[in-house]
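Me: Please take a close look at one part of this model for me, the surroundings of a few individual residues, and set out what the coordinates show there.

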Amino acid sequence: MDERHNDHDCGERIRIQEGVTMKVRDREYVGRSGRGRDANALVTPVAERTEDGAWSTLADARVLFPRQGQIEVRGILANSLREGDWVAFGSMPNDRHGSPANFRASAPRRLSYFLPTDGQAAVEERRRLIVETGIEAGTPGDWSVGVRQDAFVRVKLIQGEDGRLRASGTDLASLPLWRLTPDLVIRLNGEQGSPILCDHHRAEQLSGSVNWSSDQDYIRMVAAALGPERRGPDVAHLLSWALRQHADSLTGRVSTLAGADPGILAEIERSGVLAERLADERDLLNQFKAGLRADPAVKEYLEQAAAEAAAAALPALESEARAEIERGMVAERAAAHEQVQALIKTLEADEMAALEARCAAEAAKRDADLAEARRTGMEEVEAAVAGRLGQAHEAVKAAEARRAYLEGETEDFAERRRLLEAAVAALAEEERSKLEIVERLIKAGDDATALGRPAFQTILHRWPTDPAGEREVGLRDLAGLAEKTGLLTSSGLETLLRIAVLAEAGEVPILYGPDTGDLVEVVALLMAAGRVATLYADPTLITFDDLWTRAGSGVPTPLTAALSKAAEGRPTIGLVEGADRSAARFWYPQLADAARRGRLPAGFVPLVTLSDPKCEEAVSISADGPIVAVEGVFADGAAAVAPLAFAEMSGTPTAYLRQSREPDPAAASKFLRKHGAGLGLTASMRLSRVHDAALSALGQDEGSRFAAALKVLLVGPEAAVAPTGTPKPYLAVGA
């Protein structure tokens, strides 16, 4: 019940996690970046956009973004992110191995801080606040500043010495306008002290721009607009008057230039209107200039200014003179350079003519040498070709002789093949005759039995007297007893334990390998006090009944005596030696079925051996029983100590009586859920019995691993069995 409840909870958690993943992928989020790492950065989600377009603060980001409550940002944006920057993004599952975040950002965009419009504030007031006065609170960096209800500009704010933030940069003279829509403004209402943000990357650029340069820069622009031909001693007064008139038009005060369109002035905001106005009012400026010069004070001031201007202009004149001299020198150097280049070209032409003449003479001599070398080479080639042709003719003659010889050999081979085919046909006919004789003998035996003729008596000797002090042991004791003999390696101990566990599970192990016969003797001494009955298979062993009585004669086989002994409660090994020499495909499946269904005595332990595991009969029974390889199971020097070990085992005889019980359903179901994938019902029941036997031998943990390794023996060849991971699993049990 607990396991089903746990499975239900696990499935529910998976469904919830899948739902969270779908929800995460369908939303848009805002977060703050942490410390970047190379081309990747981690961002902590702060809010998400709801279905109605509003922004809702996340109570705990780890609910939607497990582990650390963060999402990974990649690419160029990740390299430029600083700690604390705001980012808008979508989300998708993270496919980068080793990342601390389960999700990565899709379409990430850096956000800027946003300063909204204050009621109906004019553009010039916004400029003066951002450029001249500065704002008290905020974070230095990229800002989006609203200039109208439907437009904003982007500036970079730098913190000054007084702590205020002001715009700075060479692009303030022409700031583009961007369309302001409600969906670009992000207000995080649930976050205490959170700023207003703007997703400016999604904004549409409008036509036109605004001039937000500082007053000092603006004065320089006006002076440049006047032009050098208009400047004179009175330029400072002109600029002062023009700037005052322009400030009056912007602040709404009365000016001498009444009638100017205030809508146009407010729209273009300190653009080139001032320079254009000064150029259009040229007559007014001339009159103003004449009046000023008639004033004695102004005249004195102008003369003083002229003297100062002359003194100030002297360095410029000197610099211009030097520049003129330098330009003359440059021109002279250029002319000299052209003369030198012309001389060089003349010399090059003369040298090229002489060089061409020398090349023509050398080419003529080279052509003559090549012609002589070609003539000599052709003579040598013709001589070599003539020699090769002679050798080729000789080789052709030798090849024709070889061909004639091979044709004769081919005819001989054809005759031999015909004779071999005739011999094979004769052997096949002889084999059919012998099979007919065998069938007649079998039929004659059946007929003699049916007529009640007296059957032959068995010639087997009686079983020796059971040894005294025979001790019954369990699966947990077998490996420890085998290790004490000192005969087996760790691989041999594991092979013996496989045979014992399979026998306990009702299987009939099929053994093959160079050490099979010797290992069977050790198994008989440990599990049956040395009692083993061997039936040597031959072609007459066909059906299940032939295991117990000889075909035709009805004489009991040694396995019948082993059954009788096992029925008395004495464990006995029943060995079918060389099953591949018989029709094992007919009798082995029925023997395996009888063993699994408990139709054989508990003390009867059936074993089958093969001489060739790759023969047709071995392959045909591999799907009905476990095939175990027996190779390299004996330790070095085992033959020298075998008499002592066998004598010791015979002196203290042990026997193993198989327990007839069904596996625990709960433990079997738990094991099969993990290791029974792809098995049918019959195979899963066999595997559950193997698991129960392994638990009896090795305990819970080692038994489960051992049974999982034996699973392949039930469904595939021995070569596919993986190591159990425990070279001597019985040591823990023995301890």
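Reply: What follows goes residue by residue, beginning with two strand positions and then turning to the cysteines and to two backbone angles.

The model is a predicted one, and every value below is computed from it. Thr 609 sits in strand S19, which spans residues 604-610, and its relative accessible area is 2%. Because the cut-off for a buried residue is under 20%, Thr 609 counts as buried. Once residues up to four places away in sequence are set aside, Thr 609 touches Leu 511 and Thr 516, together with Leu 575, Val 576, Glu 577, Gly 578 and Ala 579. With Thr 516 the separation along the chain is 93 residues, while the C-alpha to C-alpha distance is 7.5 Å. Glu 577 is not merely on the list of contacts, since the side chain of Thr 609 also makes a polar contact with the side chain of Glu 577, at 3.3 Å.

Val 473 belongs to strand S15, residues 471-473, and is likewise buried, here with a relative accessible area of 5%. Leaving out neighbours within four places in sequence, Val 473 is in contact with Leu 478, Leu 481 and Leu 526, and also with Thr 654, Ala 655, Tyr 656 and Leu 657. Of these, Ala 655 is 182 residues from Val 473 in sequence, yet the two C-alpha atoms are 6.0 Å apart in space.

As for the cysteines, a search of the whole structure finds 0 disulfides. Cys 198 is buried, its relative accessible area being 0%, whereas Cys 359, at 41% relative accessibility, is classed as partly exposed. That label applies to Cys 359 because its value falls between the 20% limit for buried and the 50% limit for exposed.

Two alanines deserve a look for their backbone angles. Ala 107, although not a glycine, has a positive phi of about 50 degrees; Ala 107 lies within strand S6, which covers residues 103-110, and is exposed, with a relative accessible area of 54%. Ala 529 also has a positive phi, near 55 degrees, in a residue other than glycine. The setting of Ala 529 is the loop between helix H13 (516-528) and strand S17 (532-536), and at 15% relative accessibility Ala 529 counts as buried. Thus a positive phi is found for Ala 107 in a strand and for Ala 529 in a loop, with Ala 107 exposed and Ala 529 buried.

Conventions: Residues are numbered from 1 along each chain as its sequence is written. This is a predicted model: local features need pLDDT of at least 70, side-chain atom pairs count only at pLDDT 80 or more; totals for chains, interfaces and linings use all residues. Side-chain values use heavy atoms; hydrogens and water are left out. Helices (H or I, at least four residues) and strands (E, at least two) are DSSP runs, numbered from the N terminus. Buried means under 20% relative accessible area, exposed over 50%, partly exposed in between (1.4 Å probe, protein chains only). Contact means heavy atoms within 4.5 Å. A polar contact is a pair of N or O atoms within 3.5 Å; within protein, one must be able to donate a hydrogen and the other to accept it, and residues adjacent in sequence count only if both atoms are side-chain atoms. A disulfide is a pair of cysteine sulfur atoms within 2.5 Å.
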